[in-house]
Amino acid sequence: MTGRAMVHYRRIFGEPIPRVPIVESRDVSFFAFGEDLGQTHGVSPLYFGMRRQLDLHLVEAAFANGAIDFTGQSGSLDLSTNRLHLQSGVLEAPIIIAADGVNSQIAHQVYGQAFDRSKIGFALEVEIPEMTDTELRIDFGAAEWGYGWQFPKSEGATIGLGGVLSRNADMKSALSSYLDRLNLNTSLRPKGQFLPFGDFRTKPGSGRILFAGDAAGLVDPITGEGIGHALFSGEAAAIAATSALNRGSPDQALNAYVRALRPVHQGLKHARRLRTIMFHERLRSTFVRSFQSSRSLRGEYFRMMAGELEYGTLIRQVATRLPGFAIRALQRI
Ligand SMILES: Cc1cc2nc3c(=O)[nH]c(=O)nc-3n(C[C@H](O)[C@H](O)[C@H](O)COP(=O)(O)OP(=O)(O)OC[C@H]3O[C@@H](n4cnc5c(N)ncnc54)[C@H](O)[C@@H]3O)c2cc1C
């Protein structure tokens with residue numbers, strides 16, 4: 001989780017960080033296309049934990065605050081009435097917040113597909129329990145239009161990579177090559193999932209249904225960060241729904257929600273355009289040289305990952321080091 005995600009977490013749940021084992025890291029080693037870009041020390045922290053522990057903690061908090069568990073039942077949603085027909089009965093809600101992830105069944109029902117396969121990303125990772133005291137490492141280009149990672153965890157380390165699916169025909173082989181590069185020999189099975197890598201819905205909802213998190217496509221197209229935006233959008237959808245209901249105008253919830261998401265959409269748009277420049281084949285050597293020679297650029301990138309810096313500022317830093325054609329492309333952003 002980034003610093004940005006932690007700020008949202010703190011505001012929403014009222015505790016400084018989740019009460020699960022977390023490793024904090026302030027040092028990172030950057031690599032790109034096989035070249036060592038250098039290390040950055042003492043930067044803003046990133047927080048690493050196990051998702052199953054975090055998710056269990058959040059589910060328990062939800063139950064403690066009155067949530068009711070209907071999982072395990074098949075059912076069908078009637079979009080015209082917002083009624084969910086379950087085996088145990090019918091649920092009806094004036095407003096539905098669909099936070100059912102990248103494979104959202106509700107998005108499938110509303111839009112005909114949960115995501116656009118030509119734009120979606122995919123990420124794959126393996127958890128290695130015996131790896132302790134692991135350094136935080138980022139490898140740009142370990143996947144096409146994406147990156148590889150080595151994340152320290154309280155129960156070992158997670159090694160993975162993610163990128164745009166249409167540019168990575170064989171993600172499993174890319175992960176094997178990456179593990180070989182790190183001299184890691186493991187027979188553990190990787191786990192993977194689609195990643196809505198910057199392909200967000202500009203109007204995330206329809207009628208009285210609001211989509212949040214991955215179901216709304218809110219994943220950063222460069223860093224792959226989705227937890228922070230999922231937290232923020234879930235909260236924004238809840239606030240929009242509550243105030244629309246309090247005013248007796250549930251149909252207004254979606255417009256209020258879209259307004260609340262504007263800054264997130266703006267950041268994702270910037271990141272999406274910056275990505276086309278970062279991973280442009282002609283700019284690779286410029287990118288590698290800039291990162292190698294500039295400690296401040298590495299630091300700024302990390303601050304952006306930590307959520308302390310917006311993409312606009314990073315773009316300005318990058319722009320001073322780019323050749324003319326790339327600057328012209330950036331000016332159009
Ligand atoms: C390999 C990988 C690594 C990643 N690493 C990071 C990272 O380090 N940091 C980061 O910020 N982001 C990371 N992401 C992205 C991040 O996981 C997502 O953006 C984030 O989890 C989105 O949260 P969400 O609540 O929208 O969706 P999810 O976390 O997917 O939650 C959706 C939930 O809805 C449930 N669900 C779906 N359908 C139904 C149904 N019909 N009935 C009941 N329940 C249902 C699902 O079981 C799931 O629990 C990673 C993604 C992948 C694939």
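**A three-stranded sheet and the ligand shell**

In this predicted model, strand E6 (residues 83–86) and strand E7 run antiparallel and are joined by four bridges. Within this pairing, Leu86 stands opposite Gly89 of E7. Both strands belong to an open sheet of three strands, arranged in the order E5-E6-E7 with antiparallel pairing. Strand E5 (75–78) and strand E7 (89–92) form the edges of the sheet, each pairing on one side only. From one strand to the next, the twist averages 20°. In general, the strands of a sheet pair through backbone hydrogen bonds, in either a parallel or an antiparallel manner.

The ligand is surrounded by 18 residues, of which Arg51, Asp214, Glu225, Gly226 and Ile227 come nearest. Polar contacts to oxygen atoms of the ligand involve both side chains and backbone. A polar side-chain atom of Asp214 is found 2.6 Å from a ligand oxygen atom, and a polar side-chain atom of Arg51 lies 2.9 Å from an oxygen atom of the ligand. For Ile227, a polar backbone atom is 3.0 Å from an oxygen atom of the ligand. On its own, the ligand has 1,000 Å² of accessible area, and the protein covers 61% of this area.

The shell around the ligand comprises seven nonpolar, six polar and five charged residues. At least two residues of the shell are supplied by each of strand E9 (121–128), strand E13 (191–195) and helix H5 (227–246).

Notes. Residues are numbered from 1 along each chain as its sequence is written. This is a predicted model: local features need pLDDT of at least 70, side-chain atom pairs count only at pLDDT 80 or more; totals for chains, interfaces and linings use all residues. Side-chain values use heavy atoms; hydrogens and water are left out. A residue is near a molecule or strand if one of its heavy atoms lies within 4 Å of it. A polar contact is a pair of N or O atoms within 3.5 Å; within protein, one must be able to donate a hydrogen and the other to accept it, and residues adjacent in sequence count only if both atoms are side-chain atoms. Accessible areas come from the Shrake-Rupley method with a 1.4 Å probe; for residues, only the protein chains shown count as cover. Ala, Val, Leu, Ile, Met, Phe, Trp, Tyr, Cys and Pro count as nonpolar, Asp, Glu, Lys and Arg as charged, and the others, Gly among them, as polar. Two strands pair if DSSP finds at least two bridges between them. Axes are lines fitted to C-alpha atoms, for helices over the stretch in contact, and angles run from 0 to 180 degrees between N-to-C directions.
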